[in-house]
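Okay, everyone, thanks for coming. I'd like to walk you through one chain today, so let me put it up on the screen.

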Amino acid sequence: MPLLQLHDVTVQFPEKGGFLKRTIPPRSVVDQVSFQIFQGEVYGLVGESGCGKSTTARAIMGLNSLANGQILFQGDDLYQMSRASRKLRMKDIQMIFQDPYSSLNPRKNVWNIIAEPLRNFENLSKEEELAKVQELVERVGLNAESIYQYPHQFSGGQRQRIGIARALALRPQLLIADEPVSALDVSVQAQVLNFMKDIQEEFELTVLFISHDLGIVRHMCDRIGIMYKGRLVEEGTVEDIYERPSHLYTKRLVAAMPELNPEKRSEKVKQRRQINEQYELAADQFFDSSGRIIELRKISDTHRAALK
Ligand SMILES: Nc1ncnc2c1ncn2[C@@H]1O[C@H](COP(=O)(O)OP(=O)(O)OP(=O)(O)O)[C@@H](O)[C@H]1O
């Protein structure tokens with residue numbers, strides 16, 4: 001049985017429009033969306049800004065009411081159970097957010113930030129809580145002392161690691177990562193993505209990975225769903241989507257990725273090689289031989305312009 005199943009999920013928002021701002025029929029921001037995610041799978045939800053990805057995520061978190069459809073988690077309908085049971089279920093579904101600058105409470109130190117979900121669901125002694133929080137910060141690559149520091153004392157990448165530690169505190173079944181690196185500097189993005197991949201494998205996490213960037217999704221995900229204007233227009237394995245896109249919108253997305261279009265690719269690679277030779281930059285080495293993203297070196301704006 002899939003861990004998560006969405007059947008014809010529709011989320012609508014009321015709209016005001018026209019003369020005198022009269023209420024007009026609600027707009028379906030998510031429109032009959034169906035997909036399934038199996039245990040241990042990383043599923044990418046891709047689409048342009050405003051197509052309804054975050055609204056879908058919020059619906060899975062139990063935060064939006066559904067106009068139609070069902071969301072089943074471990075076979076149970078999240079919207080048919082009592083609020084109390086749903087809250088308990090949410091222990092198993094955790095989320096990390098796009099913007100590590102605004103998703104961490106600036107007035108709390110790292111200890112309190114990471115301990116918050118533990119306090120909501122587990123009754124730990126102070127010593128047990130401290131041990132768990134220290135273990136988590138170390139697991140995400142920060143030192144144990146950092147638990148006494150505040151979010152502003154960390155870089156963007158470190159803040160995202162704190163968000164990940166918080167999300168992992170309850171050992172969730174499903175992790176929803178909503179554009180987890182798009183607010184980060186390009187060089188830091190690769191580090192955080194690599195780190196997320198390690199964590200996913202180590203904890204055998206099931207992940208819903210939301211992104212507008214096909215390139216990132218390609219290296220993170222097993223299967224991909226393409227969303228366009230509230231609808232899931234295409235779904236398939238990474239290979240299906242990249243090698244045999246069928247929907248026009250998917251074709252456009254794939255074509256817009258120069259590295260994946262063979263004609264443009266060879267041209268770009270040639271250009272990049274020249275620039276590399278000239279500046280000794282590893283600009284065409286975005287991925288290592290096993291397909292993992294390696295750290296990008298900083299490329300100056302002049303060089304970046306030359307790559308376009
Ligand atoms: N609470 C709300 N009330 C009314 N409209 C909303 C609400 N939340 C989202 N919307 C609208 O729903 C649409 C889809 O938004 P959503 O945030 O789900 O898109 P997205 O694909 O995640 O885009 P982004 O990547 O920019 O966050 C947008 O047009 C947005 O303005």
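So, contacts along the chain: if you take those with a separation of 6 or more, 65% of them are between residues 24 or more positions apart. One thing to keep in mind as I go on is that this is a predicted model. The chain has 308 residues, and 33% of them count as buried. In terms of elements, you're looking at eleven helices and ten strands.

Let's go to the sheet. How many strands form it, and in what order? There are six, in an open sheet, and the order is 6-7-8-3-9-10, with mixed pairing. Now look at the two edges: strand 6, residues 93–96, and strand 10, residues 231–237, each have a single partner strand, so each has one side left without a neighbour in the sheet. And if you ignore direction, neighbouring strands here are turned by 20° against each other on average.

Let's start at the strand 6 edge. Strand 6 is joined to strand 7, residues 174–178, by four bridges, and the two run parallel. If you want a spot to click on, isoleucine 93 sits opposite leucine 174 of strand 7.

Now move along to strand 3, which is residues 42–46. Is strand 3 mostly covered or mostly open? Mostly covered: five of its five residues are buried. Val42, Gly44 and Val46 point one way, Tyr43 and Leu45 point the other way, and they're all buried. So what does "buried" take here? The cut-off is 20 or more other C-beta atoms within 10 Å of the residue's own.

Strand 3 also has its partners. With strand 8, residues 206–211, it pairs in the parallel sense over five bridges, and there you can find glycine 44 opposite phenylalanine 209. With strand 9, residues 223–228, strand 3 pairs in the parallel sense too, over four bridges. On that side, tyrosine 43 stands opposite arginine 223.

Okay, next up, the ligand. Which residues are around the ligand? Going along the chain, we have Phe13, Val29, Gly47, Ser49, Gly50, Cys51, Gly52, Lys53, Ser54, Thr55 and His212. By type, that shell splits into three nonpolar residues, seven polar and one charged. Helix 1, residues 53–60, gives the most to the shell, with three residues.

Now to a pair of helices. Helix 3 covers residues 110–121 and helix 4 covers residues 126–139; their axes come within 10 Å and cross at roughly 110°. Angles from 65 to 115 degrees count as roughly perpendicular, and therefore that's what we call helix 3 and helix 4. Where do they touch? On the helix 3 side it's Val110, Trp111, Ile114, Ala115 and Leu118, and on the helix 4 side it's Glu129, Lys132, Val133, Leu136 and Val137. Sorted by type, the contact has eight nonpolar residues, no polar ones and two charged.

If the spacing of those numbers caught your eye, here's the general background. An α-helix has 3.6 residues a turn, so residues three or four places apart point the same way.

Staying with helix 3, its buried residues are Val110, Ile113, Ile114 and Ala115. What covers them? Helix 4 is part of the cover, and so is helix 5, residues 156–168.

Last stop: a few single residues. A bit of background for the first two: most residues other than glycine have a negative phi. Arginine 171, in the loop between helix 5 and strand 7, has a positive phi, near 50°. Is arginine 171 buried or exposed? Exposed, because there are 10 other C-beta atoms within 10 Å, and exposed means 12 or fewer.

The other one is lysine 229, in the loop between strand 9 and strand 10. The phi of lysine 229 is positive as well, near 45°. Lysine 229 is partly exposed, because it has 14 other C-beta atoms within 10 Å.

And finally, aspartate 198, which you'll find in helix 6, residues 186–202. Aspartate 198 has 13 C-beta neighbours inside 10 Å, so that puts it in the partly exposed group. If you look for valine 181, it's 17 residues away along the chain, and the two C-alpha atoms are separated by 15 Å.

That's my tour, so over to you for questions.

How values were computed. Residues numbered from 1 in each chain as written. Predicted model: local features only at pLDDT ≥ 70, side-chain atom pairs only at ≥ 80, totals over all residues. Near = placed C-beta within 6 Å. Nonpolar A, V, L, I, M, F, W, Y, C, P; charged D, E, K, R; others polar. Axes fitted to C-alpha atoms, helices over the stretch in contact; angles between N-to-C directions. Parallel < 35°, antiparallel > 145°, perpendicular 65-115°, else oblique. Contact = placed C-beta atoms within 7 Å. Pairing = 2+ DSSP bridges.
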